[in-house]
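Here is a short, friendly tour to read alongside the model on your screen. Have the sequence at hand, and follow along from the ligand outwards.

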Amino acid sequence: MKIVLASKSPRRRELLSNLGLDFEVIESNVEEFSSEKHPSRYVMDLSFNKAMSVAKKLKEEAIVIGADTIVVIEDKVLGKPKDRDEAFIMLKNLQGRVHTVYTGITIVRTKDFKYVSDFEETKVWIKKLEDEEIFNYIDTGEGYDKAGAYAIQGVGALIVEKIEGDYFNVVGLPISKLFDILKREFDVRLL
Ligand SMILES: Cc1cn([C@H]2C[C@H](O)[C@@H](COP(=O)(O)OP(=O)(O)OP(=O)(O)O)O2)c(=O)[nH]c1=O
């Protein structure tokens with residue numbers, strides 16, 4: 001069965017590639033908007049929009065995977081920072097505290113448009129940081145296209161104290177959950 005990743009995120013590509021999986025990438029280009037207020041429903045909704053928009057364009061039979069990641073701290077949703085100032089505000093807010101990373105995934109089968117949406121949440125504790133450390137971290141540049149303005153898989157590893165839950169969920173794709181859904185709901189086996 002052909003597998004399509006509806007994502008422009010290089011991290012998601014890499015995570016799937018690491019599984020030795022043969023797949024194609026087709027960007028969705030949907031607007032990232034949802035009226036859902038609850039974080040888990042919000043990320044599932046956006047992952048649905050991404051996966052479904054690509055699934056509708058495909059002629060051949062395929063399984064399409066879409067995902068969306070956000071960072072939530074005390075009911076405040078953090079997406080990707082627009083600029084240096086916003087990155088600073090985000091990291092200043094995250095330092096010395098715990099937050100939750102939500103990733104929603106939706107899998108669509110083009111044959112009958114059967115779909116399943118689910119989500120994973122991981123708690124991340126960021127260390128107490130001096131303002132200078134925050135600015136130096138921002139200057140690495142790696143946080144700009146990441147929810148919450150940090151990348152746990154990069155230099156951001158230095159500012160993370162500990163996590164509780166799936167590491168890969170923080171990077172952008174809860175691959176273990178994805179494996180379970182593909183097997184249980186679509187009879188697609190990665191092992
Ligand atoms: C918190 C965190 C997020 N991220 C990334 C995962 C996501 O790619 C990104 C959040 O943006 P998303 O909107 O989830 O994804 P995207 O725009 O990069 O790609 P697409 O919509 O085409 O699938 O932040 C990290 O890489 N490391 C981290 O530690």
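## Around the ligand

In this predicted model, 26 residues surround the ligand, and those that come nearest are Ser 7, Lys 8, Ser 9, Ile 152 and Gly 172. Three elements each give two or more residues to this shell: α1 (10–17), β3 (62–73) and α5 (167–171). Of these, β3 supplies the largest share, with 4 residues. What is the make-up of the shell by nonpolar, polar and charged residues? It holds 9 nonpolar, 7 polar and 10 charged residues.

## Where two helices meet

Now turn to helix α3 (residues 84–94) and helix α4 (residues 131–138), whose axes come within 10 Å of each other and cross at roughly 130°. An angle of 65 to 115 degrees would count as roughly perpendicular and one over 145 as roughly antiparallel, so α3 and α4 are oblique to each other. Their crossing is right-handed.

The residues that make the contact are set out here, helix by helix.

| Helix | Residue range | Contact residues |
|---|---|---|
| α3 | residues 84–94 | Arg 84, Ala 87, Phe 88, Leu 91 and Lys 92 |
| α4 | residues 131–138 | Ile 134, Phe 135, Tyr 137 and Ile 138 |

By class, this contact of α3 with α4 has 7 nonpolar and 2 charged residues, with no polar ones.

## The whole chain

Stepping back, the protein has 6 helices and 7 strands. Read from the N terminus, its elements run β-α-β-α-β-β-α-β-β-α-β-α-α. The C-alpha trace spans about 55 × 35 × 25 Å along its principal axes. How does the radius of gyration fit a compact globule, and why? A compact globule of 191 residues would have a radius of gyration near 16 Å, and the protein has 17 Å, so the two agree.

Conventions:
Residues are numbered from 1 along each chain as its sequence is written. This is a predicted model: local features need pLDDT of at least 70, side-chain atom pairs count only at pLDDT 80 or more; totals for chains, interfaces and linings use all residues. A residue is near a molecule or strand if its C-beta atom, placed from the backbone, lies within 6 Å of it. Ala, Val, Leu, Ile, Met, Phe, Trp, Tyr, Cys and Pro count as nonpolar, Asp, Glu, Lys and Arg as charged, and the others, Gly among them, as polar. Axes are lines fitted to C-alpha atoms, for helices over the stretch in contact, and angles run from 0 to 180 degrees between N-to-C directions. Angles under 35 degrees count as roughly parallel, over 145 as roughly antiparallel, 65 to 115 as roughly perpendicular and the rest as oblique. A crossing is left-handed if the near helix is turned anticlockwise from the far one by less than a right angle, and right-handed if clockwise. Two residues are in contact if their C-beta atoms, placed from the backbone, lie within 7 Å. The radius of gyration is taken over C-alpha atoms; the globule rule is 2.2 Å times the number of residues to the power 0.38.
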